[in-house]
Amino acid sequence: MQSFTTLTGVAAPLPLINIDTDMIIPKQYLKTIKRTGLGAGLFSELRYNADGSENPDFVLNKPAYADAQILVAGDNFGCGSSREHAPWALLDKGIRCVISTSFADIFYNNCFKNGILPVIVTPEDHAKLMDDAERGANARLTVDLEAQEIRGPDGGVVRFDIDPFRKRCLLEGLDDIGLTMQKADTISSFEDKLAADRPWA
């Protein structure tokens, strides 16, 4: 998993509330178990018109936000089903950080397992960051995980809390498999001892 330390990038405003995982990546894209290629389907019902052409009014289709790496989203982001394809699609499109006042629990947990930083901020700080994001290509934010702060284009700073264990995993790029592999020597020793003690097993 790619580590997350400090990210400086364009922030796209998406003030809709209750964006569920079906809106993030609709069901027709769930046929694959690959983590790549899903970016094309991200927010597809909002990004594309019925004829398949791009909807010019959708934020990620606007030139200023085409390469956004940060999303400033409305309340209760990622609600609905538990599909892990949702963070996969965000990551494949280049989104490494989502900022909101609240997240659905399963989506929130899935973000950490896939190298995406979900940041919870107060409504007051959220309003400031949304205002920053609405400035277009000048809406560059710096998200510093080590310092646990977001720095705005005008020098403003927003602090955020994060669980220390999840923070370490993101900083070191450790998903569940990576965490297990840190214990590889202990696991091997246990298996060797088990084989010696129970040769019939």
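Select G115 to begin: this glycine sits just after helix α4 and takes a positive phi of about 80°. Keep in mind from here on that the model is predicted, and that every value on this tour is computed from it.

Step back from G115 into the helix itself, and select residues 105–113, which form α4. Which residues of this helix are buried? They are F107, Y108, N110, C111 and F112. With those five highlighted, bring up the elements that cover them, which include α1 (21–24), α3 (85–93), β4 and α6 (164–172). As a general point to hold while turning the view, an α-helix has 3.6 residues a turn, so residues three or four places apart point the same way.

Now pick out N110, which lies in helix α4 and is buried, with a relative accessible area of 9%. What does the side chain of N110 reach at 3.4 Å? It is the backbone oxygen of S82. If you then show the surroundings of N110, leaving aside residues up to four places away in sequence, you will find that N110 touches S82, R83, E84 and P87.

Move one residue along to C111, which counts as buried at 0% relative accessibility. The closest cysteine sulfur to that of C111 belongs to C97 and is 9.3 Å away, too far for a bond. Across the model the count of disulfides comes to 0. C79, likewise, is in no disulfide, since the nearest cysteine sulfur, that of C111, is 13 Å away, whereas a disulfide would need the two sulfur atoms within 2.5 Å. Select C79 as well, and note that this cysteine is buried, with a relative accessible area of 15%.

From the cysteines, go on to C97 and the strand pairing around it. In β4, the bridge partner of C97 is L117, and strand β3 (residues 97–100) pairs with β4 in the parallel sense over 4 bridges.

Next, widen the selection to the whole sheet, which is open, has 7 strands and runs in the order β4-β3-β2-β1-β5-β6-β7, with mixed pairing. Which strands stand at the edges? They are β4 (117–120) and β7 (157–159), each with a single partner strand, so one side of each is left without a neighbour in the sheet. Looking across the sheet, you can follow how neighbouring strands are turned by 30° against each other on average, direction ignored.

Within this sheet, select L7, which is found in strand β1 (residues 6–14) and is buried, with a relative accessible area of 10%. Leaving aside residues up to four places away in sequence, L7 touches Q69, I70, R96, C97, L141, T142 and V143, so that C97, already visited, comes back into view. Add L145 to the selection: L7 and L145 are 138 residues apart in sequence, yet 8.4 Å apart in space from C-alpha to C-alpha.

Finally, show the whole protein chain, which has 8 helices and 7 strands and whose C-alpha atoms fill a box of roughly 65 × 45 × 25 Å along the principal axes. Of its 201 residues, 45% are buried, and among contacts between residues at least 6 apart in sequence, 65% join residues at least 24 apart. As a last selection, colour residues 1–120, which an unreviewed UniProt entry annotates as the domain "Aconitase A/isopropylmalate dehydratase small subunit swivel". The end C-alpha atoms of this span lie 22 Å apart, and the span is 22% helix and 18% strand.

Key:
Residues are numbered from 1 along each chain as its sequence is written. This is a predicted model: local features need pLDDT of at least 70, side-chain atom pairs count only at pLDDT 80 or more; totals for chains, interfaces and linings use all residues. Side-chain values use heavy atoms; hydrogens and water are left out. UniProt positions are given in the numbering used here, feature names are shortened, and annotations may be inferred rather than shown by experiment. Helices (H or I, at least four residues) and strands (E, at least two) are DSSP runs, numbered from the N terminus. Two strands pair if DSSP finds at least two bridges between them. Axes are lines fitted to C-alpha atoms, for helices over the stretch in contact, and angles run from 0 to 180 degrees between N-to-C directions. Buried means under 20% relative accessible area, exposed over 50%, partly exposed in between (1.4 Å probe, protein chains only). Contact means heavy atoms within 4.5 Å. A polar contact is a pair of N or O atoms within 3.5 Å; within protein, one must be able to donate a hydrogen and the other to accept it, and residues adjacent in sequence count only if both atoms are side-chain atoms.
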